[in-house]
Amino acid sequence: MSTMSRRDVVRSLPPYKQGAAEGPDAVKLSSNENPYPPLPSVVAEIADRMRDPRGSFNRYPSMGAMELRTAIGSRFGVTADQVAVGAGSVEVATQLVHATAGMGDEVIFAWRSFEAYPILTVVSGATPVKVPLTADLHHDLAAMLAAITDRTRLILLCTPNNPTGTTLSTDEVEHFLSQVPENIVVAIDEAYVHFNRDPQAVSGVEMVSRHPNVIALQTFSKAYGLAGLRVGFGIGSVEMCEDLRRVAVPFAVSDVAQCAALASLQHEDELTERVEKIVAERGRVTAALRDQGWTLGDSQANFVWLPTGDDTARIDEVLRGEHVFARCWQGEGIRLSIGSPSENDRCLAAFARAIAPAPVRA
């Protein structure tokens, strides 16, 4: 039996690492942020709200966020009671872990995947079970099924996966769910769903309608450009979302965040144009990197993944020398967020300088 105290366990956790950027001319592609500010129509709605007495900072926001939950429900064809909100989808994931798993329980997820998963699991007192990705960087669903024990309470599926950008198909997830015991909750984290152009990709929301143990997580941080306001949501069964609201941090989603999310839902036609620009840039960046000689797969998110292995530290040093900041995992690879066209141009120029020269043959 472990003799580590609770404090020792917490201190053993690696702090969540925010994407870095240093200097006034830095190109920050180390966080999966939208390079564009919120839509002007959304900003106008926020400004109007701030002039309304309901938007005053001396008042608490609506804790139940009923207006926003109703709008999300209408958007996805579910009731407001099937929606839970939080300060970003990561806070909804936190609610989910606390609502399902505790001391002695296990939470299964692919690895590498979203780096908050093991932190959230350990903080809840549960044990993280990391299942390695396949050689082509996809979830190994067969291995995840094999990892299920009588202690498993939650399985997290990230699609498109952060940081590899790979997706899960409808057929493989249906097959997976048919073998998962119904008392185990399966979360489909689709924070990057708006950038996904894979026609075979699974829809978390559609899985919710067919499987009562499934919950889908989405966010307003990425496509909607509201990362700084912190608002995300989960869609699941009424009972599951009630449990999430029970463990949620009170008043976590500010009045301004709720207003901005509502406005974003009302102006999704404008949003689509921006998302398409990012998707087009993703294709351009991918093609240019391949032309330079880099190896990378097809990402369905707003970032690309380069499996640079032991060469990661050297490449990172070259990029930083050009004031370009990507998200680097030493010994593994580099996640490169898609920025504006000008930011991507500077990034591509830096990667061209970082490409290792071909060995000289005798």
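Here are three short exercises, with worked solutions, on a predicted model.

**Exercise 1.** Find out which strands make up the open sheet and which of them stand at the edges.

*Solution.* Start with the strand order: the four strands run β1-β10-β11-β9, with mixed pairing. Next, look at the ends of that order. β1 (27–29) and β9 each have a single partner strand, so one side of each lacks a neighbour in the sheet. Then check the twist: neighbouring strands are turned by 30 degrees against each other on average, direction ignored. Now zoom in on one pair. β9 and β11 (residues 333–337) run antiparallel and are joined by four bridges, and L306 stands opposite I334 in β11. Finally, add the helices. α11 (residues 268–292) lies across β9 and β11, at about 20 degrees to β9, while α13 (residues 341–354) lies across β1, β9, β10 (324–329) and β11, at about 85 degrees to β1.

**Exercise 2.** Decide whether T308 is buried or exposed, and list its contacts beyond four places in sequence.

*Solution.* Locate T308 in the loop between β9 (303–306) and α12 (312–321). Its relative accessible area is 13%; the cut-off for buried is under 20%, so T308 is buried. Outside its sequence neighbours within four places, T308 contacts W294, I315, E332, G333 and I334. Its side chain also makes a polar contact of 2.6 Å with that of T312.

**Exercise 3.** Work out which helix gives the most to the largest nonpolar core.

*Solution.* This core has 79 residues, and F176 is among the members touching the most others. Helix α10 (residues 255–266) gives the most, with seven residues. A separate core of 24 residues includes A84, V92, A93 and L154.

Terms used. Residues numbered from 1 in each chain as written. Predicted model: local features only at pLDDT ≥ 70, side-chain atom pairs only at ≥ 80, totals over all residues. Heavy atoms only, no water. Core = buried A, V, L, I, M, F, W, Y, C linked by side-chain atoms within 4.5 Å. Buried < 20%, exposed > 50% of the residue type's maximum accessible area, 1.4 Å probe, protein only. Helix = DSSP H or I, 4+ residues; strand = E, 2+ residues; numbered from the N terminus. Polar contact = N/O pair within 3.5 Å; in protein donor to acceptor, adjacent residues only side chain to side chain. Contact = heavy atoms within 4.5 Å. Pairing = 2+ DSSP bridges. Axes fitted to C-alpha atoms, helices over the stretch in contact; angles between N-to-C directions.
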